[in-house]
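Me: Could you take a close look at one part of this structure for me, the helix that packs on the sheet, and then show me how its surroundings fit together? A connected walk through the neighbourhood would suit me best.

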Amino acid sequence: MKLILVTLVAAFFSCTQPQQDAAAVKRLTPTEYKQQAEKEGILLDVRTKDEYAAGHLQGATNSDFLNGTFAESIKALDKDKTYYLYCASGNRSGKAAKLMQESGFKNVYNIGGYQELKSAGLPVKE
């Protein structure tokens, strides 16, 4: 009986406590990005070509995560540089950042969604 209770308590806490993932993608708020952006880094917009053309952050380079060539295209990038990724909502940029980390990139940040960044006052080109 005591063993069952200990097992149940351990199972409960293992499910309710957030799991720490050593390879978790680093997420920055727009304010944190503004502070980081003063340092050197590369801004990647991982939305589609049409989304990018409709408006993007100044200085961003488009690298479409959904077009099927993203994994191949990052092979040409310098793994020692710092990368700031964004998309429409932060979902694709999170997945793209995870892929980059798995490919050996050390300094990759998901800075979220375009509208959120634009609303925070980051300069855009439309």
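Reply: The buried residues of H5 pack against a whole set of elements: strands E1, E2, E5 and E6, along with helices H3 and H4 (70-73). Those buried residues are Arg92, Ser93, Gly94, Ala96, Ala97, Met100 and Gln101. Bear in mind as you read on that this is a predicted model.

How does the span of H5 compare with what its 12 residues should give? At 1.5 Å a residue the expected span is 16 Å, and the end C-alpha atoms are 17 Å apart, so the two agree. After H5 comes Gly104, which has a positive phi near 105 degrees.

Now to the sheet itself. Its 5 strands are arranged in the order E1-E6-E5-E2-E4, with parallel pairing, and the sheet is open. E1 (26-27) and E4 stand at the edges; each has a single partner strand, so one side of each is left without a neighbour in the sheet. H5, spanning residues 91-102, packs on this sheet and touches E1, E2, E5 and E6 (107-113). The direction of H5 makes about 150 degrees with that of E5.

Strand E2 is a good place to continue, with E5 and E4 as its partners in the sheet order. E2 and E5 (residues 82-87) run parallel and are joined by 4 bridges; within that pairing, Leu44 has Leu85 as its bridge partner in E5. With E4 (residues 61-62), E2 pairs in the parallel sense over 2 bridges, and here the bridge partner of Asp45 is Asn62.

Asp45 deserves a closer look. This residue lies in E2, and a relative accessible area of 0% is why Asp45 counts as buried, the limit being under 20%. From Asp45 to Leu85 the C-alpha distance is 5.9 Å, although their positions lie 40 residues apart in sequence. Setting aside neighbours within four places in sequence, Asp45 is in contact with Tyr52, His56, Ala60, Thr61, Asn62, Ser63 and Tyr86. Two polar contacts involve its side chain: one reaches the side chain of Arg47 at 2.7 Å, and another joins the side chain of Tyr86 at 2.8 Å.

That brings us to Arg47, which sits in the loop between E2 (42-45) and helix H3 (49-54). Is Arg47 buried or exposed? Its relative accessibility is 5%, so Arg47 counts as buried. Besides meeting Asp45, the side chain of Arg47 reaches the backbone oxygen of Gly55 at 2.5 Å. Not counting residues up to four places away in sequence, Arg47 touches Tyr52, Gly55, His56, Asn62, Asp64, Tyr86, Cys87, Ala88, Arg92 and Tyr114. That list leads back to the starting point, as it includes Arg92, one of the buried residues of H5.

Tyr86 also links this region to another buried spot, at Leu117. Leu117 belongs to helix H6 (residues 114-119), and with a relative accessibility of 0% Leu117 counts as buried. Leaving aside neighbours within four places in sequence, Leu117 contacts Pro30, Leu57, Tyr86, Ile111, Gly112 and Leu122. Tyr86 thus appears among the contacts of Asp45, Arg47 and Leu117. As for long reach along the chain, the C-alpha atoms of Leu117 and Lys34 are separated by 9.6 Å, with the two residues 83 apart in sequence.

Finally, here is the wider setting. The protein has 6 helices and 7 strands, following the pattern α-β-α-β-α-β-β-α-β-α-β-α-β along the sequence. Of its 126 residues, 33% are buried. Among contacts between residues at least 6 apart in sequence, 68% join residues at least 24 apart. The accessible surface comes to about 8,000 Å², and carbon and sulfur atoms account for 56% of that area.

Conventions
Residues numbered from 1 in each chain as written. Predicted model: local features only at pLDDT ≥ 70, side-chain atom pairs only at ≥ 80, totals over all residues. Heavy atoms only, no water. Buried < 20%, exposed > 50% of the residue type's maximum accessible area, 1.4 Å probe, protein only. Polar contact = N/O pair within 3.5 Å; in protein donor to acceptor, adjacent residues only side chain to side chain. Contact = heavy atoms within 4.5 Å. Pairing = 2+ DSSP bridges. Axes fitted to C-alpha atoms, helices over the stretch in contact; angles between N-to-C directions. Expected span 1.5 Å × (residues − 1). Areas by Shrake-Rupley, 256 points an atom, 1.4 Å probe, with all protein chains shown as cover.
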